[in-house]
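This briefing reviews the architecture of one protein model. Its topics are helix packing, the nonpolar core, strand pairing and the cysteines.

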Amino acid sequence: MTEHIRLPDLSTDKDFDGESFSAIYTTTVTVSGGVAAHGRASGRARSDDGVLDLDLRMPAALGGDGHGTNPEQLFAAGFAACFHGALSLVARQEALDPSAIRVEATVAFGRDPGDGGYLLRVDLVVRWPGVVPEVATPLIEKADALCPYARMAGEGTPATVTLVP
């Protein structure tokens, strides 16, 4: 059974002319507990509405037990979902059926050769059976310009860090 979902009032047009950022949706996720000695996220991640509530564990590939998700998997899921949504939006605007679109995000965690810190690398693979590259490619480029995760990866994202006692 397919549940009918009300589509949000989003567009690809540059129809906002405000002078500052205007939030459409906001969520908060809190991570607490776990073992911090290894410098990797562990413990519990819970959203403010309780819908997301899961264990964070170091991946088995890094010596953890692998019995939970990790930040890279969560970021990959968010990136793939966001890009999928942006591409689905532009596809519908061109009267194309987006139901066959699949977006695969591979996130790699590693060292920055410039300063020895840590970096993420993201590779997206779009599978869109039945749509020729000449049609899909400009829509993928439009989705890339529209998707906030892609924009964040390319341009950076404003972030603040605040200590609250």
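Contact here means heavy atoms within 4.5 Å. The model is predicted. In that sense of contact, the buried residues of helix H1 pack against strand E4, strand E5, helix H2 and helix H3.

**Helix H1**

- H1 covers residues 71-93, and its packing partners include E5 at 118-127 and H3 at 148-155.
- The buried residues of H1 include Glu72, Gly78 and Ser88, along with Phe79, Phe83, Leu87, Leu89 and Val90.
- With 23 residues at 1.5 Å a residue, H1 should span 33 Å; its end C-alpha atoms are 33 Å apart, so the expected and modelled spans agree.
- At the N-terminal end of H1, Asn70 acts as a cap, with a side-chain oxygen 3.1 Å from the backbone nitrogen of Glu72.
- Ala95 follows H1 and has a positive phi, near 60 degrees.

**Nonpolar core**

- The largest nonpolar core comprises 19 residues, and those with the most contacts inside it are Leu87, Ile101, Trp128 and Ala143.
- At least two residues of this core come from each of H1, strand E4 (102-111) and helix H2 (133-146).
- H1 provides the largest share of the core, 8 residues.
- Leaving aside residues up to four places away in sequence, Ala143 touches Phe83, Ala86, Leu87 and Val90. These four are also among the buried residues of H1.
- In soluble globular proteins, nonpolar side chains tend to be buried together.

**Strand pairing**

- Strand E1 (residues 29-32) and strand E2 (residues 43-47) run antiparallel and are joined by 4 bridges.
- Ser32 has Arg44 of E2 as its bridge partner.
- E2 also pairs with strand E3 (residues 53-56), again in the antiparallel sense and over 4 bridges.
- Leu56 of E3 is the bridge partner of Gly43.
- E2 and E3 form a hairpin with 5 residues between them, and Gly50 in its turn has a positive phi of about 80 degrees.

**Cysteines**

- A disulfide requires a pair of cysteine sulfur atoms within 2.5 Å, and by this rule the count is 0.
- For Cys82, the closest cysteine sulfur is that of Cys147, at 3.4 Å, which is too far for a bond.
- The closest cysteine sulfur to that of Cys147 is in turn the one in Cys82.
- Cys147 counts as buried because its relative accessibility is 0%.

Conventions: Residues are numbered from 1 along each chain as its sequence is written. This is a predicted model: local features need pLDDT of at least 70, side-chain atom pairs count only at pLDDT 80 or more; totals for chains, interfaces and linings use all residues. Side-chain values use heavy atoms; hydrogens and water are left out. A nonpolar core is a set of buried Ala, Val, Leu, Ile, Met, Phe, Trp, Tyr and Cys residues joined through side-chain atoms within 4.5 Å. Buried means under 20% relative accessible area, exposed over 50%, partly exposed in between (1.4 Å probe, protein chains only). Two strands pair if DSSP finds at least two bridges between them. The expected span of a helix is 1.5 Å times one less than its number of residues. A polar contact is a pair of N or O atoms within 3.5 Å; within protein, one must be able to donate a hydrogen and the other to accept it, and residues adjacent in sequence count only if both atoms are side-chain atoms.
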